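Here are some worked exercises to try with the model open beside you. Have a go at each one before reading its solution.

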Amino acid sequence: MVYGYKFIKGTEDEKTRRITDLYRSNDFEDGGICIMILTVAHTKGGVGKSTLAWNIANCFINDGQKVKIIDLDFQQTIFFINDIRYASGLDKKEVIQCETAAELISTFETYNNDEILIVDVGGFDNDINRTAISWSDQIIVPISNSLTEVLGFKTFEAILEEIGNPFVNVVLNNIHPLTKDFDVITRAIGESENISLLNSIIRNRKIYKETLGVGKSIFDTKNEVAKAEIKGLCDELRSNW
Ligand SMILES: Nc1ncnc2c1ncn2[C@@H]1O[C@H](COP(=O)(O)OP(=O)(O)O)[C@@H](O)[C@H]1O
Ligand SMILES: [Mg+2]
């Protein structure tokens with residue numbers, strides 16, 4: 001099945017034949033910033049997709065980067081967070097909703113090349129989510145460190161393999177502050193050729209939940225530890241661009 005791939009699976013130049021490379025080569029010559037589509041994805045709900053998408057987006061915005069958040073979840077988590085934000089007198093972020101894969105592709109195709117698009121997908125497998133995954137420059141899959149999480153990840157991994165985008169990173173999220181042993185997860189990911197585990201670890205912190213509920217990100221708070229954690233993740237993502 002074809003989802004309007006930017007990344008094209010199954011051809012000999014599998015890892016290089018990407019539409020944006022054309023744009024990119026120009027951008028690099030100008031010393032400009034290249035377009036980045038970053039998707040936070042998992043077919044499992046409750047793993048922290050919206051939490052990470054929102055905070056990563058706010059981290060980049062905080063750094064002066066232009067960011068558009070694309071909310072593909074029918075629960076409209078980020079869309080509503082942003083509404084709460086605006087209603088409480090804070091600045092509204094740019095949040096876009098797309099209802100069809102075609103709409104999403106046209107959003108991808110009409111980006112400005114100094115923008116980062118951050119996509120928050122819903123926790124299920126459908127055409128629009130697959131389209132986001134196939135078009136992404138980077139896919140981040142949040143998982144926790146437990147056996148059930150590993151099993152859930154295996155289901156999603158099969159889908160990722162079908163789509164074939166090789167730029168998949170797992171990030172450990174919602175990890176108990178004292179946990180240091182990630183054997184279960186590193187072993188599970190070690191078996192996957194196309195998937196790597198990021199060094200950054202996002203710990204379980206109540207600030208993530210507290211801020212989301214009132215339309216804020218951790219960058220609206222003075223929680224330096226959480227900010228450093230998300231910044232570290234963003235720097236690591238940036239280093240892969
Ligand atoms: N690192 C974290 N620390 C504490 N709570 C978290 C963390 N990540 C996610 N959560 C909480 O877990 C719940 C599910 O997160 P959410 O981002 O909505 O998941 P998803 O979008 O994958 O369904 C939310 O209540 C959120 O606040
Ligand atoms: Mg969500």
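## Exercise 1: a residue in a helix pair

**Task.** Find the element that holds Glu-103, and decide whether Glu-103 is buried, partly exposed or exposed.

**Solution.** Keep in mind that this is a predicted model.

- Start with the element: Glu-103 sits in helix H4.
- Next, count neighbours. Glu-103 has 14 C-beta neighbours inside 10 Å. Buried takes 20 or more and exposed takes 12 or fewer, so Glu-103 counts as partly exposed.
- Now look along the chain to Ile-128, 25 residues apart from Glu-103; the two C-alpha atoms are separated by 9.1 Å.

**Task.** How do helix H4 and helix H5 pack, and which residues meet?

**Solution.** Two numbers describe a pair of packed helices: the angle between the axes and the distance between them.

- H4 covers residues 101-109 and H5 covers residues 127-135. Their axes are 8 Å apart, at an angle of about 25 degrees.
- Angles under 35 degrees count as roughly parallel, so H4 is roughly parallel to H5.
- For the hand, the crossing of H4 and H5 is right-handed.
- On the H4 side, the meeting residues are Ala-101, Leu-104, Ile-105 and Phe-108. H5 brings Asp-127, Ile-128, Thr-131, Ala-132 and Trp-135.
- Sorted by class, this contact of H4 with H5 has seven nonpolar residues, one polar and one charged.

## Exercise 2: a second helix pair

**Task.** Work out whether H2 and H3 are roughly parallel or oblique, then sort the residues of their contact by class.

**Solution.** Take the geometry, then the side chains.

- H3 spans residues 77-87, and its axis lies 10 Å from that of H2, at an angle of about 50 degrees.
- Roughly parallel needs under 35 degrees and roughly perpendicular starts at 65, so H2 is oblique to H3.
- The crossing of H2 and H3 is right-handed.
- Ser-50, Ala-53 and Trp-54 of H2 meet Thr-77, Ile-78 and Ile-81 of H3. By class, that contact splits into four nonpolar and two polar residues, with no charged ones.

## Exercise 3: the shell around ligand 1

**Task.** Which residues come nearest to ligand 1, and which elements supply at least two residues of its shell?

**Solution.** There are 17 residues around ligand 1.

- Gly-48, Lys-49, Ser-50, Thr-51 and Lys-209 come nearest.
- Helix H2 (49-62), strand E6 (168-175) and helix H8 (206-213) each supply at least two residues of the shell.
- By class, the shell has four nonpolar, 10 polar and three charged residues.
- Ser-50 turns up twice in these exercises: among the residues nearest to ligand 1, and in the contact of H2 with H3.

## Exercise 4: positive phi

**Task.** Gln-76 and Asn-174 both have positive phi; find where each one sits and whether it is buried or partly exposed.

**Solution.** Take them one at a time.

- Gln-76 has phi near 55 degrees, a positive value in a residue other than glycine. Gln-76 lies in the loop between strand E2 (66-71) and H3. With 17 other C-beta atoms within 10 Å, Gln-76 is partly exposed.
- Asn-174 isn't a glycine either, yet its phi is positive at about 65 degrees. Asn-174 belongs to strand E6. Asn-174 has 20 other C-beta atoms within 10 Å, so it is buried.

## Exercise 5: two isoleucines in strands

**Task.** For Ile-70 and Ile-201, say whether each is buried or partly exposed, and list its contacts beyond four places in sequence.

**Solution.** Go strand by strand.

- Ile-70 is in strand E2 and is buried, with 24 other C-beta atoms within 10 Å. Past its sequence neighbours, Ile-70 touches Ile-96, Cys-98, Thr-107, Leu-117, Ile-118 and Val-119. Val-121 is 51 residues from Ile-70 along the chain, with 8.4 Å between their C-alpha atoms.
- Ile-201 is in strand E7, residues 195-203. Its 17 C-beta neighbours inside 10 Å make Ile-201 partly exposed. Leaving out neighbours within four places, Ile-201 is in contact with Leu-172 and Ile-175. The C-alpha atoms of Ile-201 and Gly-232, 31 residues apart along the chain, are separated by 8.8 Å.

## Exercise 6: the whole chain

**Task.** How many helices and strands does the protein chain have, and what share of its residues count as buried?

**Solution.** The protein chain has nine helices and seven strands. Of its 241 residues, 41% count as buried.

How values were computed
Residues numbered from 1 in each chain as written. Chains lettered and ligands numbered in written order. Predicted model: local features only at pLDDT ≥ 70, side-chain atom pairs only at ≥ 80, totals over all residues. Near = placed C-beta within 6 Å. Helix = DSSP H or I, 4+ residues; strand = E, 2+ residues; numbered from the N terminus. Nonpolar A, V, L, I, M, F, W, Y, C, P; charged D, E, K, R; others polar. Axes fitted to C-alpha atoms, helices over the stretch in contact; angles between N-to-C directions. Parallel < 35°, antiparallel > 145°, perpendicular 65-115°, else oblique. Left-handed = near helix turned anticlockwise from the far one by under 90°. Contact = placed C-beta atoms within 7 Å.
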